[in-house]
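Please look through the sequence and the model shown here before reading on. The report that follows takes up a pair of helices and then a single residue with its surroundings.

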Amino acid sequence: MNISQMSQTLFYLIEQQADSEKAVNYLRQQADAFQKDPQTATFYRVFTAMPRFVGKQPIDVPSDMAFALERIRPGFTVSGWTMDRLARVWWLLQLPADEQATYTKTISELFKAGELNELVALYSALPVLAYPSPGVFRQRKGYETTLPMCSRLSCFITPTQPIIWTNRPGIS
C-alpha cells in the first residue's frame with residue numbers, strides 16, 4: 001500500500017465534505033507546521049484536538065472515492081465514519097515513518113492515553129499505518145478491556161483482514 005497515495009485520497013475526501021473549508025485550512029496549517037518542526041507533542045495535541053476544529057458530522061463517501069480507497073487498500077472503507085475519525089486517520093498518516101521505533105512508540109502512546117473516539121480512529125487506521133503489527137497486541141487488549149463497555153459497539157479483528165466496526169444489537 002502506498003501511504004502517500006492513501007493520505008492524498010483521504011485528504012481529498014475531507015475536501016469534498018460539505019462545509020469543510022475550516023477543517024481543510026486547519027489540517028493544512030497543522031500539517032505544514034508539523035513538517036517544518038516535527039515535535040511529538042504537537043502531533044499528540046493535533047490528534048486529540050481534532051474534533052474541535054473539524055467537527056464530528058458524518059461524512060459522505062461518493063462511490064468513486066470508495067472505489068479509490070478499495071484500490072489503494074483492498075477491504076478498507078470509511079463508510080459510516082465521522083469527520084473527526086477521518087481527519088485523525090489522515091493525521092496519523094502524516095507521522096514520519098522513517099524510524100520504526102519512534103513511529104511505533106508515538107502510536108503506542110496514543111493507544112495508552114486515548115479516549116474512546118481516539119481509540120476508534122487508531123483501530124481504524126491500523127490497516128493503513130506504515131507499521132501496524134506492533135499495534136495488534138494493543139488492539140486486542142483494547143477490544144478485551146475498553147470497547148466491550150461501550151453499548152452496541154463491536155470490532156471484528158482477524159490478522160489478515162482490516163478492522164470492521166459495526167453497530168450490533170445486544171453487544172454491550
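## Two helices that cross

In this predicted model, helix α1, which covers residues 3-16, and helix α5, which covers residues 83-92, have axes that come within 9 Å and cross at roughly 155°. Angles over 145 degrees count as roughly antiparallel, and α1 and α5 are therefore described as roughly antiparallel to each other. The crossing in which α1 passes α5 is left-handed.

On the side of α1, the contact is made by S7, L10, F11, L13 and I14, while α5 contributes M83, L86, A87, V89 and W90. When the residues of this contact between α1 and α5 are sorted by character, nine are nonpolar and one is polar, and none is charged.

## E118 and its helix

The residue E118 has its place in helix α7, which is formed by residues 116-125. Is E118 buried or exposed? Since buried means under 20% relative accessible area, E118, with a relative accessible area of 8%, is buried. Leaving aside residues up to four places away in sequence, E118 touches F47, T48, R88 and A113.

The helix around this residue is mostly covered, as eight of the 10 residues of α7 are buried. Those buried residues of α7 are E118, L119, V120, A121, L122, Y123, S124 and A125.

## The start of α7

At its N-terminal end, α7 is capped by E115, from which a side-chain oxygen lies 3.0 Å from the backbone nitrogen of N117.

How values were computed:
Residues are numbered from 1 along each chain as its sequence is written. This is a predicted model: local features need pLDDT of at least 70, side-chain atom pairs count only at pLDDT 80 or more; totals for chains, interfaces and linings use all residues. Side-chain values use heavy atoms; hydrogens and water are left out. Axes are lines fitted to C-alpha atoms, for helices over the stretch in contact, and angles run from 0 to 180 degrees between N-to-C directions. Helices (H or I, at least four residues) and strands (E, at least two) are DSSP runs, numbered from the N terminus. Angles under 35 degrees count as roughly parallel, over 145 as roughly antiparallel, 65 to 115 as roughly perpendicular and the rest as oblique. A crossing is left-handed if the near helix is turned anticlockwise from the far one by less than a right angle, and right-handed if clockwise. Contact means heavy atoms within 4.5 Å. Ala, Val, Leu, Ile, Met, Phe, Trp, Tyr, Cys and Pro count as nonpolar, Asp, Glu, Lys and Arg as charged, and the others, Gly among them, as polar. Buried means under 20% relative accessible area, exposed over 50%, partly exposed in between (1.4 Å probe, protein chains only). A polar contact is a pair of N or O atoms within 3.5 Å; within protein, one must be able to donate a hydrogen and the other to accept it, and residues adjacent in sequence count only if both atoms are side-chain atoms.
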